[in-house]
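Here is a quick tour of one model, written for someone who would rather look at geometry than at adjectives. Keep the viewer open and follow along.

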Amino acid sequence: MSLDERIRLIPHITSDNAAINLAIDSALLEKMQEKINGGESVKPILRTYQFRKPAVILGCHQKIEGRFDKDLAAKSKIDLTRRDSGGGHMYFGTEDFHFSFIAPSDYFGNKNLIERYQFVNGMIATALKDAGYNAELGRTSIRLDNPEGKIIAGTARRENGKVSLQQGGILIEDYDEKIFKLLMAREYEVRLWQDKVSALRRFNPNLFLDKLTRRRLYKKDLNYDELQRAQHLAKTKYANPAFISSVIRQVGICLVAEYSKDDVESDMPRQIEGAAA
């Protein structure tokens, strides 16, 4: 059985902003939950996307204060939103690549949490390998097996009753001083990031993007109900300042936290430990 017979593959899109994409994930999750509750059979959903506008995305438990330079964001026309899955905040440019996997929780059988992360990440790692990269799995991340073994993608999960959502991002462009300032990064976060995180621009990103975004497997777009619900959620939730500013927990930069989950180094500052959900 081919992949598109086992999984609903939604065509790759480049949308205006991050909020609508987070809303699409939420709408698909809600619709899947409703179908399962009604006794319908459903397929897992895999979708990929990019943004036309750069954005900072906060983790679901992360506060804004001390983690986002609003003045710099306004000058640079950078959006801000919050996802429903865990972890810390990240900046994403227009080249960076995102993926989401929405599935019935029983689709994963007896797999534990880490095995569920790796099952989804394994599909993306396989696409990276098919494109010529020597990708490998961390506990919740994807790495390139270069001499440094740096993280290339981080993921976060959300369980909602009978349905799960896993969201991930692959950096095409690396962070510079301006981005670290935008994220109000601590000195140790910058140091760990530069030491442990990579970006595909250091290699050849077009190999991967061409492979994954131009495949003819992608057949089924969003239907009318899904799109209407997503547009409503984008307006009332993901682009709503009250929702974005509603959390008070301190969390570090996401891929630095991903590194702590992969390696759990004893010399890592305590603030990072357990930061990503």
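## Aromatic pairs

Searching the whole structure, which is a predicted model, turns up eleven aromatic pairs. One of them is F108 with F119, an edge-to-face arrangement with 5.8 Å centre to centre and 85° between the planes. The two rings come from distant parts of the chain, eleven residues apart: F108 sits in the loop between β6 and α4, while F119 belongs to helix α4.

## The seven-stranded sheet

Seven strands make up an open sheet with mixed pairing, and reading across you get β1-β2-β6-β10-β9-β8-β7. The edges are taken by β1 (8–15) and β7 (135–137); each has a single partner strand, so one side of each is left without a neighbour in the sheet. Ignoring direction, neighbouring strands here are turned by 20° against each other on average.

For a look at the pairing itself, go to β9 (residues 151–160) and β10 (residues 163–170). These two run antiparallel and are joined by eight bridges. If you want a spot to zoom in on, R157 has Q166 in β10 as its bridge partner.

Two helices lie across this sheet. Helix α4 (residues 113–130) covers β6, β7, β8 (141–144), β9 and β10, and runs at about 140° to β9. Helix α2 lies across β1, β2 (45–51), β6 (97–104), β9 and β10, running at about 165° to β2.

## The three-stranded sheet

There's also an open sheet of three strands, ordered β4-β3-β5, again with mixed pairing. Its edge strands are β4 (79–82) and β5 (90–92), each pairing on one side only. From one strand to the next, the twist averages 25°.

Strand β3 (residues 55–58) pairs with β5 in the antiparallel sense, over three bridges. Which residue of β5 is the bridge partner of I57? That would be M90. Helix α2 (residues 18–37) turns up here too: it packs on the sheet, touching β3 and β4, and its direction makes about 20° with that of β4. So α2 is a handy element to keep highlighted, as it touches β3 and β4 here and lies across β1, β2, β6, β9 and β10 in the seven-stranded sheet.

## The cavity

How many cavities of 30 Å³ or more does the structure hold? Just one, with about 180 Å³ of space in it. Its lining counts 17 residues, and R83, F92, Q167, G168 and G169 lie nearest the centre. The elements that give two or more residues to this lining are α2, β2, β5, β9 and β10.

By class, the cavity lining divides into nine nonpolar, seven polar and one charged residue.

## The largest pocket

The largest pocket holds about 210 Å³ of space. It is lined by 14 residues, with D79, L80, T81, A239 and I244 nearest its centre. Contributions of at least two residues each come from α2, β4 and α9 (241–244), and β4 gives the largest share, three residues.

What classes make up the lining of this pocket? There are nine nonpolar, three polar and two charged residues. Helix α2 appears once more, since it is among the elements supplying at least two residues to the pocket lining and among those giving two or more to the lining of the cavity.

Conventions
Residues are numbered from 1 along each chain as its sequence is written. This is a predicted model: local features need pLDDT of at least 70, side-chain atom pairs count only at pLDDT 80 or more; totals for chains, interfaces and linings use all residues. Side-chain values use heavy atoms; hydrogens and water are left out. Two strands pair if DSSP finds at least two bridges between them. Helices (H or I, at least four residues) and strands (E, at least two) are DSSP runs, numbered from the N terminus. Axes are lines fitted to C-alpha atoms, for helices over the stretch in contact, and angles run from 0 to 180 degrees between N-to-C directions. Contact means heavy atoms within 4.5 Å. On a 1 Å grid over the protein atoms alone, a cavity is a set of points where a 1.4 Å probe fits but cannot get out, and a pocket is an open set with protein on both sides within 12 Å along at least five of seven lines; lining residues have an atom within 4 Å of a point. Grid points are joined across faces, edges and corners, and a volume is the space filled by probe spheres set on the points. Ala, Val, Leu, Ile, Met, Phe, Trp, Tyr, Cys and Pro count as nonpolar, Asp, Glu, Lys and Arg as charged, and the others, Gly among them, as polar. Rings of Phe, Tyr and Trp (its six-membered ring) pair if their centres lie within 6.5 Å; planes under 30 degrees apart count as stacked, over 60 as edge-to-face and the rest as tilted.
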